[in-house]
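Student: I would like a close look at one part of this model, with the cut-offs stated as you go.

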Amino acid sequence: MSPTPHAMMPEATHDEAARFAHVVGLKNFLMRQLEPKWRTLVDEKLAPQLASEGRDAKEEYRALERSLARLGAYRTWQQLTVSAQEEMWRSVGECVDRQLPELERRASDSEAGGSVRTDPQFRPPRYLSTVDIHLMPGGYADDRGEGDVRQGAVFDKAAALYHMGRNGGELNDVRGHTLVQHYFDRFPGMTPQRILDMGCTVGHSTTAIAGYFPQAEVHGIDVGGALLRYARARSASLGASIHYSQQNAEQTDFADGSFDLVVSSAVLHETSFKALPRIMREAHRLLRPGGVMMHLEVPLRFDTASAWNRVRGLFEALHNNEPFWIGAQQADIAQTVRDAGFADVASGYQPAVRVADRAAEPRFTSTPGPVHVVWYLLSGVKR
Amino acid sequence: MTELDPEGLVFRDDPSKRSAFFAGQADVGRLLGMITALTSEIAMLRARLDTHERLAAEGGFDRAKVEAYRPDATALAERMTDDQAMIGRVFKPLSDELDRLLEEPAVQKTLLETHR
Ligand SMILES: C[S@@+](CC[C@H](N)C(=O)[O-])C[C@H]1O[C@@H](n2cnc3c(N)ncnc32)[C@H](O)[C@@H]1O
């Protein structure tokens with residue numbers, strides 16, 4: 001068996017590991033070999049021809065998508081992209097199911113540390129319950145009841161494949177370190193005592209953040225019991241005591257002013273126009289005066305996206321089940337933060353780091369960059 | 001439906017159904033799914049064969065040794081190159097068709113005509 005980064009990571013047999021390596025290779029092929037050809041066709045051949053007639057391919061991306069879909073080759077590429085994603089979930093699911101009783105035993109025997117609070121009455125919001133985001137069967141909320149950790153294990157194993165090593169390998173913690181670097185860049189003298197991570201999934205970022213503030217009480221919320229049980233055992237095995245609870249970030253049961261730092265990481269693009277201001281107002285309520293809110297997001301904007309990027313974005317939204325993918329790139333999220341009453345609002349790009357350093361020269365910048373190289377960061381202070 | 005709803009969300013016409021790219025020919029979609037799975041099995045078999053060959057070079061193998069074998073970084077890189085080449089061969093007809101689309105102004109013209 002291969003060495004695992006923490007006690008909860010499902011182990012892969014020889015053949016499972018080979019299938020995983022292949023599905024990553026297939027995704028790479030579709031993304032790096034085939035997709036650039038569609039990009040060239042749309043952005044370099046079709047867009048200029050439309051432009052010569054005084055038309056804007058970017059504006060017409062929906063119609064362009066429909067024209068492309070008349071091509072068998074385009075439909076084949078679409079289907080293969082979906083099939084590769086399904087193959088990833090299938091192969092990971094098979095690996096997890098083979099060892100599920102063992103994983104559940106490990107989660108319940110695992111060292112104390114942190115807690116999990118689930119709510120049988122909980123219903124996830126429409127933007128998470130209508131389709132299974134990323135085509136992950138069952139979605140984030142899937143839970144088979146007390147002791148179940150399956151969805152957490154599936155997500156954790158797949159995330160390591162999905163990001164293809166660009167988010168900190170098997171720990172998938174670059175986003176957590178990058179959030180902390182943003183905090184150090186903007187507020188070098190501060191040390192939070194109570195921290196909340198909204199939309200923590202299996203605690204990839206939460207655990208990384210907790211590592212910088214060993215005295216702090218750290219909470220993570222998300223919509224699925226199986227995710228959260230897995231998250232607790234995972235962070236405990238990495239030496240962090242984190243309190244997880246099943247709650248909606250739009251409305252939690254924490255008391256007013258109970259946190260010094262409220263964050264989210266790659267969550268906002270999976271919500272909705274209606275949820276954004278609600279989440280900002282809830283974060284404002286939860287912070288004590290002087291407390292800080294930070295959100296990390298994908299560094300993509302719709303207005304600057306090329307015609308192909310828009311067509312690709314629509315595909316992502318409709319067929320990789322990311323319903324808010326385009327909406328989030330159009331939303332003025334910084335404005336919702338100001339409207340919620342935050343002061344000192346800053347938005348820009350934070351270079352991704354594997355380790356945050358309080359003493360480092362601040363590198364938060366207004367210059368965009370590619371996904372995984374920089375992250376969009378939005379932060380504000382409650383006065 | 002490709003318009004965002006008032007909450008900024010967009011879904012397939014029937015979100016409860018899987019994406020169907022081949023209207024009236026669902027079997028084509030299924031066939032591509034099967035080819036994808038089959039390619040994964042070929043990749044796994046190639047990896048297993050590679051394990052056997054590497055262990056043989058080290059003096060021999062049995063089932064336990066094969067199961068326990070994990071490629072080191074060099075072996076893994078070699079396997080990934082090999083896998084990319086295999087994928088490239090299996091999906092060559094698609095990639096060739098894309099190259100043809102890029103080279104033929106006539107096809108592009110038809111595309112834009114349907115677009116009008
Ligand atoms: C892409 S994952 C985030 C991963 C994680 N934060 C990280 O940095 O690795 C998005 C998560 O946000 C959660 N989420 C989205 N909206 C939420 C809401 N209103 N309340 C709680 N969790 C939410 C989803 O359930 C999902 O687990």
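Student: At what angle do the axes of helix H1 (residues 14-52) of chain A and helix H11 (residues 307-319) of chain A cross, and within what distance do they come? Please continue to the strands afterwards.

Tutor: This is a predicted model, in which local features need pLDDT of at least 70 and side-chain atom pairs count only at pLDDT 80 or more, while totals for chains, interfaces and linings use all residues. Residues are numbered from 1 along each chain as its sequence is written, chains are lettered from A and ligands numbered from 1 in the order in which they are written, and side-chain values use heavy atoms, with hydrogens and water left out.

The axes of H1(A) and H11(A) cross at roughly 125° and come within 8 Å. H1(A) is therefore oblique to H11(A). Angles under 35 degrees count as roughly parallel, over 145 as roughly antiparallel, 65 to 115 as roughly perpendicular, and the rest as oblique. The axes are lines fitted to C-alpha atoms, for helices over the stretch in contact, and angles run from 0 to 180 degrees between N-to-C directions. Helices (H or I, at least four residues) and strands (E, at least two) are DSSP runs, numbered from the N terminus.

On the H1(A) side, A:Glu35, A:Trp38, A:Arg39, A:Val42 and A:Asp43 meet A:Ala307, A:Trp308, A:Asn309 and A:Arg312 of H11(A), contact meaning heavy atoms within 4.5 Å.

Now the strands. Strand S8 (residues 374-381) of chain A has eight of its eight residues buried, so the rest of the structure largely encloses it; buried means under 20% relative accessible area, exposed over 50%, and partly exposed in between (1.4 Å probe, protein chains only). One side of S8(A) carries A:Val374, A:Tyr376, A:Leu378 and A:Gly380, the other A:Trp375, A:Leu377, A:Ser379 and A:Val381.

Strand S6 (residues 287-297) of chain A runs antiparallel to S8(A) and is joined to it by six bridges; two strands pair if DSSP finds at least two bridges between them. A:Met293 lies opposite A:Gly380, and A:Val292 opposite A:Val381. Strand S7 (residues 343-351) of chain A also pairs with S8(A), antiparallel, over seven bridges, with A:Ala346 opposite A:Ser379.

In S6(A), eight of eleven residues are buried. Strand S5 (residues 259-265) of chain A runs parallel to S6(A) over six bridges, and A:Ser264 has A:His295 as its bridge partner.
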